[in-house]
Each structure stands twice: as structure tokens, then as C-alpha cells.
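Thanks, everyone, for making the time this morning. I would like to walk through one model with you, beginning with some charged pairs and then moving on to a pair of helices and an annotated region.

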Amino acid sequence: MFVAFSRIIKYGFQNFLRNGWLSTATIAVIFLTLFVLQGLIIFNVVAKTAIASVQNKIDISVYFKSNAAEDAILKLQKSLEGLSEVKKAEYISREKALTEFQARRKNDPIVIAAIQELGENPLLASLNIKAYNPKEYAAISAYLNNESLSSIIEKVSYAQNQVVIERLINIVDAAKRGGIVLTFIIAIIAILVTFNTIRLAIYSNKDAIGIMRLVGASNNFIRGPYIIEGILYGILAGVLSFAIFAPLVAYIAPHVASFIPEINLQNYFAANFLRLLSYQLIFGIALSSISSFVAVHRYLKV
Amino acid sequence: MNASNMITFQNITKTYNKHSTALENVSFKINPKEFVSIVGRSGSGKSTIVKLITAEEKPTNGRIIFDSYEVNKLRFSQLPKYRRLIGTIFQDFRLLNGKTVFENIAFALEVEGRPQKEINEFVPQILNLVGLDNKMQSFPYELSGGEKQRVAIARAMINQPEVIVADEPTGNLDPFNTWEIIKLLMKLNEMGSIIILATHNKEIINTLGHRVITLNNGKIIRDEEHGRFILTN
């Protein structure tokens, strides 16, 4: 048993080394597969952050009549925050709104002058509401349109922004769905290409497998070395793909960050180093050894 | 006579599809230590007999008995062990091209799980016997046809099989190498193995003077103790 096992391992390495070119070409293909899959993982992380960042920018504001009592507004804030859909309801008083407005327009002397001319604060107090899910804004808006609140509420921004919000919701949904479909398709293509490469490599051993059967070798003794070879392919391709990916991530991280400031790819990569590396190795080894197993199986029927 | 290591074909019929019958109701017995030649034109069924013995094919009808095995009933998982009783030699040599001469022969012992010490001892002895002890580390592509066939014979005989089946072993060889191979087969026969030689080389058959089974269109038309190469009825 042990003798057979050690011979299987020996032949696995021997075939691997003697078929240098074939091994190199196969590793190159598995490397590309793993590289693409690694890219998909990173792409999904970036896309998720980007989608979250877009979602975060969606909110609605409730503007209160200038004579609305602050107590009533704070009471409404409390009750809004009590809703399970609401993530945050931020109160912006008239004074705060004015200060922020002035700060935003400080380079615009005409506007500043106009406000000073006016003599009183033209801005309204508001509550800025963020929901966990952008789809909830319609419900929140309906809640605010309640009769009992109409005495203090001037307007709800949802009405003006409804179209934009719905469009954003659609875009976010499409991006999520697209990401999943894209990942799925590319992963399937990569896996099929690898499988076919290994199948071709083993096809060239078709006669040898038949000869081994005729000499009286058991299926495991024939199959074993090919699976060892597959494992070697997987390990080498995994390590290679990771070694090339790491500096690449360091290089593109600042560019990605300039689009989506929320993400630091390099930190993500460093924090998930072991996890990503083991994904590569496990996937590489599983893909190539299972492909080898299936490919050899066809020719064992002698 | 030990009945157990006889080879018996009982009413064997083999059809590959309904338009071609390779063998029709063929029966014969081969006794221990016999040297039997099977002759016939291409397509007469010689190779089918070889494939039935090595269990590459199963008969459509009939029984094949060899050793303690009823060959026609062997399950797939039993084939490796059964095949270790048989040494096979083919026209196209069928060596493992990725392995050296030494490894090709060692492989036949490795499949049985024999220890490395025995392998290191036996393989050079056998190679010496077939005159290739200086080619131990060569790969098959570095050998001539005659040398390849001698490697194949060495592989077939290394685990002292009860029977050696040779399907046109000299088909790709020049006359000189042909006789070298035949002499080796005769030597193996003297050492106690059954030899089954399928060939259409008239000269060999007529010189050997052993038993000859003649096939025509899947039927045995002649089975003579000291046969000659005659294909017509």
C-alpha cells in the first residue's frame, strides 16, 4: 500500500518534469484561470463598496414650516428613528442650515450679500433621513405625508427626487445582478478552459493509459500520478497567480481609491492575504485534480 | 497435466455488430507449455482471439477458461489481477514512451506491488537476457524497432507469466530482427510459458514446426499438431 503510494507520487513528479513543455503550458492556463477568478473576487469587493457608497448618498429631507416648534420636530425625529427602516434621521436647525449654506457659498459674494440684504434667515429647518434600503424611501415619505403632520411640514424632498431615487435604485440593482452574472459567466469560462486543457494533456496519454491497463495496472495506480500532476499544476499556478496579483493590487489601489474613496484595496488585500491565497490554492488544486480525474477516467475503460 | 493452467475456448462467437462476425463457434484447448501459432488472413479473427484472451473484448457467446478464471465473466475490477498472468506483445510494441527501458519493464512488477529491491535485481537480469543491458536508461524513441520489441518481450516475461500472447510481433521488423524475436519466444517456451503467436509470416510457421491453428472468416479450418502455413481449404 505504502509502496504503491510512494510510486504514485514519484511518477507524478516524474511525469511533471519530463513533460516540461506540456506542464508549463497547462500551468499557464490554470494560472490565467486563477488570475481571472482572483480578479473577480477583487472586482466584487470594489463593486460592493461602490454600490454601498452610492446608496449612502441617497437620502430624503423633510422641510418644516418656519413657524414649526422645535419640540414637534424633535418628536418627529424620535418617532422616525423608531422605525425599523430608518437608519438615521439628522436634525438640521434653521441656524445650522444657514451656517452650512454660507460655508458652501463663501466664494460667491453675490449670494452672501443677498442673504445679508434679506436680514432674516430664509432657510427652513429640516430632518435628513437615511434608510437602510433605498427602496424604503417611498414608505417613509408616505409616513411623513400623514395628515397630522401637515401642520408643521412644508415639503418632503422625496416628491422632487422620486425619479432620481428610483433610477438609482434600478442602477444599483442592475449593478448587483450584473456583477453576479458576470462573475458566474467568467468563472464558468475559466473553469471550462482549464478542464479542456487538462483533458488535452491527458488525451496525449491515452495510449499509455491503455498500455498500463493491459500490463495489469489497477485504475488507482494509473490515475494516481495524473492526479499528483494535477495537484502540482494547481499549487504552482496558485502561487504564481498570487505572486503576480499582489504587486498589481498595490499598483492599482490608488487609482481605484480616486474613484471610490471608501475603499483601500491594499489594506483589504493585506488583511485578507491568507484567505485569498488559500482560495487560490484550494481552487487551483481542486480544479486541476478533479479535471485530471475526470479526463483519465475516460481512457480507463480498456 | 495440470488442467488449471490450460486455456480453453468453448464455442466462442464474437460479433462486433450485426454485419460483421469476427469469430464463429470457435473451440480449442491449449495445453501448458504449448507453442501455438494462429494464422490466417487479415480479418480472419486472429486479433480477436488475442483480445479475448487479454479480456480486452468479451465474447458474444461461449466460455473462455484460463487458470482459475472464467474469462468471459470477469468483472472490470478483476481485470488488472487477471492480466498479470499474461504477457502481451504487439506489432506496434506498445511501450510507455515517457519511461525509460528500465522503467517500462519495472512497471510490470510495480503494478503487482513488488518491492524495489527485487525490481532492481530482476530488471537488469531480464535486459541481459534480451541483450539490452546497455540500453537500460534509453527512452523508447532512442531504440530501433527490434530493440523496442525486445523491451516489450522483456516486459512480458518479467513476472514469469503462464502465457505469453504475441500479436504479429514481427510485423514491423526486418528478417534479422524477426528471427531474434522468434528465438526469444522459443526460449520463453522452453522456460515453461505457453506461447500464443498470431502471425501471417509463412516462413516462421513453416520453420517452427509447432501446432498451427488456421482461421478463415472467423472459423477454424485447420488445427494441426505440426502444422504448416496453408490458407486455402
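**Salt bridges, a helix pair and an annotated domain**

Let me begin with Glu112(B), which is partly exposed, its relative accessible area being 29%. Please keep in mind throughout that what you are looking at is a predicted model. The partner of Glu112(B) is Arg114(B), and in the salt bridge that they form the closest N and O atoms are 2.6 Å apart.

Staying with chain B, we can look at two further pairs, and here I will give the accessibility of both partners. Glu70(B) and Arg63(B) form a salt bridge in which the closest N and O atoms lie 2.9 Å apart. Glu70(B) has a relative accessibility of 22%, so this residue counts as partly exposed, since the range for that class begins at 20%; Arg63(B), at 38%, also counts as partly exposed. The other pair is Arg94(B) with Asp92(B), whose side chains meet in a salt bridge at 3.3 Å from N to O. Arg94(B) comes out at 26% relative accessibility, and is therefore classed as partly exposed, while Asp92(B), at 45%, is likewise counted as partly exposed.

Which residues are linked with Glu110(B) in a network of salt bridges? They are Arg7(A) and Lys10(A), so named from chain A, whereas Glu110(B) belongs to chain B. For the structure as a whole, the search over all chains finds 16 salt bridges, and those I have described are among them.

Now to the helices. Two packed helices are described by the angle between their axes and by the distance between those axes. In chain A, helix α2, covering residues 20–57, packs with helix α9, covering residues 219–259, at an angle of about 40° and with the axes 8 Å apart. That angle makes α2(A) oblique to α9(A), because roughly parallel would require an angle under 35 degrees. The residues of this contact between α2(A) and α9(A) divide into 16 nonpolar, 7 polar and 1 charged. As for handedness, α2(A) passes α9(A) in a right-handed crossing.

Finally, the annotation, which I would treat with some care. UniProt, in an unreviewed entry, places the feature "domain: FtsX extracellular" at residues 59–145 of chain A. In the model, that stretch of chain A, residues 59–145, is 47% helix and 21% strand, and its end C-alpha atoms are 16 Å apart.

Key
Residues are numbered from 1 along each chain as its sequence is written. Chains are lettered from A and ligands numbered from 1 in the order in which they are written. This is a predicted model: local features need pLDDT of at least 70, side-chain atom pairs count only at pLDDT 80 or more; totals for chains, interfaces and linings use all residues. Side-chain values use heavy atoms; hydrogens and water are left out. A salt bridge is a side-chain nitrogen of Lys or Arg within 4 Å of a carboxyl oxygen of Asp or Glu. Buried means under 20% relative accessible area, exposed over 50%, partly exposed in between (1.4 Å probe, protein chains only). Axes are lines fitted to C-alpha atoms, for helices over the stretch in contact, and angles run from 0 to 180 degrees between N-to-C directions. Helices (H or I, at least four residues) and strands (E, at least two) are DSSP runs, numbered from the N terminus. Angles under 35 degrees count as roughly parallel, over 145 as roughly antiparallel, 65 to 115 as roughly perpendicular and the rest as oblique. A crossing is left-handed if the near helix is turned anticlockwise from the far one by less than a right angle, and right-handed if clockwise. Ala, Val, Leu, Ile, Met, Phe, Trp, Tyr, Cys and Pro count as nonpolar, Asp, Glu, Lys and Arg as charged, and the others, Gly among them, as polar. UniProt positions are given in the numbering used here, feature names are shortened, and annotations may be inferred rather than shown by experiment.
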